[in-house]
Amino acid sequence: MELLEDFYIEELKDVLDAEKQLTKALPKMAEAARDQQLKAAFQEHLQQTEGHIERLKQIFKRLEEPAKGKKCKAMAGLIKEAEEFLSEDAVPEVIDVGLITAAQKVEHYEIATYGCLATYAKLLGFNQDKELLGQTLREEKETDGKLTVLAEGLNIEAAEGESTEDQEGEEETEQSEEREETPVR
Ligand SMILES: [Fe+2]
Ligand SMILES: [Fe+2]
């Protein structure tokens with residue numbers, strides 16, 4: 001049981017760091033989102049994420065352990081991929097699709113982590129922890145579900161976006177033709 005408790009504490013430190021990384025990434029994702037509902041979803045999840053950190057702090061306090069994170073390389077990697085996607089000349093129409101994909105990968109990672117932690121809390125007889133971890137787990141699952149619904153709505157928008165781009169292209173061509181004509185007049 002002692003080894004399990006050590007593992008449990010290490011994993012709590014990992015997820016604390018992961019959540020802290022997210023509080024920095026989510027505002028950027030909200031800013032980059034084009035769909036207003038997606039933007040709002042990221043902002044809402046930022047608030048929830050702050051709550052997740054608070055719950056973890058409560059658990060550390062109860063364990064009489066310092067609430068200190070340990071660099072979560074997996075979360076750093078997931079966030080880095082999202083940042084790379086946004087920095088490479090992302091086509092505007094697929095920005096939201098890419099953001100949702102990145103966010104769902106993050107949620108699934110959190111769901112796996114909190115699912116395990118809640119189970120280990122139960123094994124260790126830490127019922128209060130299990131309750132707190134379960135609350136966070138539910139919010140991560142709800143967020144994941146919400147993102148799926150938003151993605152289903154976005155596919156159509158992405159397709160419409162392509163036709164808008166075509167129209168803009170035509171306008172540009174027309175304008176350049178006009179410009180060419182000017183010296184003749
Ligand atoms: Fe979280
Ligand atoms: Fe989350």
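This is a short walk through a predicted model of a protein chain with two iron ions, from its overall layout to its metal sites and its cores.

Let us begin with the fold. The protein chain has five helices and zero strands, so reading from the N terminus you meet α-α-α-α-α. Of its 185 residues, 39% count as buried. The accessible surface comes to about 11200 Å², and carbon and sulfur atoms account for 50% of that area. Sequence-distant pairings are well represented: among contacts between residues at least 6 apart in sequence, 82% join residues at least 24 apart.

Before going further, it helps to know where the prediction is confident. The average pLDDT is 88, and 83% of the residues score at least 70. Among the elements, helix 2 (residues 36–63) has the highest mean, 98, while helix 5 has the lowest, 71. Over residues 163–185 the pLDDT is below 50, and this stretch has zero contacts in the model beyond near neighbours in sequence. Where pLDDT is low, the predicted coordinates should not be read in detail.

Now to the metals. The iron ion (ligand 1) is coordinated by Glu 19 through two OE contacts, by His 52 through ND1, and by Glu 110 and Glu 140 through OE, at 2.0 to 2.5 Å. Along the chain, these donors follow the spacing E-x32-H-x57-E-x29-E. Glu 19 lies in helix 1 and His 52 in helix 2, so this pair ties together parts that are 33 residues apart in sequence. Are these two residues buried or exposed? Glu 19 counts as buried because its relative accessibility is 0%, and His 52, also at 0%, counts as buried too.

The iron ion (ligand 2) has its own set of donors: NE2 of His 45, two OE contacts from Glu 107, and OE from Glu 110 and Glu 140, at 1.9 to 2.6 Å. Here the spacing reads H-x61-E-x2-E-x29-E. Glu 110 sits in helix 4 (residues 92–123) and Glu 140 in helix 5, so the pair ties together parts that are 30 residues apart in sequence. Both Glu 110 and Glu 140 are buried. How far apart are the two iron ions, and which residue coordinates both? They are 3.4 Å apart, and Glu 110 coordinates both.

From the metals we can turn to the nonpolar packing. In soluble globular proteins, nonpolar side chains tend to be buried together. In this model the largest nonpolar core has 24 residues, and those touching the most other members are Met 29, Leu 38, Phe 42, Met 75 and Leu 99. Helix 1 (2–32), helix 2, helix 3 (73–87), helix 4 and helix 5 each give two or more residues to this core. Met 75 is a handy residue to look at: leaving aside residues up to four places away in sequence, Met 75 touches Ala 18, Gln 21, Leu 22, Val 106, Tyr 109 and Glu 110. Glu 110 is thus a contact of Met 75 as well as a ligand to both iron ions. A second, separate core of 20 residues includes Leu 16, Ile 53, Phe 60 and Phe 126.

Finally, take a look at Gln 128, which lies in helix 5 (residues 127–184). Gln 128 counts as exposed because its relative accessibility is 54%, above the 50% cut-off. Gln 128 and Arg 62 are 66 residues apart in sequence, yet their C-alpha atoms are 9.3 Å apart in space.

Terms used
Residues are numbered from 1 along each chain as its sequence is written. Chains are lettered from A and ligands numbered from 1 in the order in which they are written. This is a predicted model: local features need pLDDT of at least 70, side-chain atom pairs count only at pLDDT 80 or more; totals for chains, interfaces and linings use all residues. Side-chain values use heavy atoms; hydrogens and water are left out. Helices (H or I, at least four residues) and strands (E, at least two) are DSSP runs, numbered from the N terminus. Buried means under 20% relative accessible area, exposed over 50%, partly exposed in between (1.4 Å probe, protein chains only). Donors are N, O and S atoms within 2.8 Å of the metal (3.2 Å for Na, K and Ca); water is not among the atoms, so sites may look incomplete. Contact means heavy atoms within 4.5 Å. Accessible areas come from the Shrake-Rupley method with a 1.4 Å probe; for residues, only the protein chains shown count as cover. pLDDT is the predictor's confidence in each residue, from 0 to 100. A nonpolar core is a set of buried Ala, Val, Leu, Ile, Met, Phe, Trp, Tyr and Cys residues joined through side-chain atoms within 4.5 Å.
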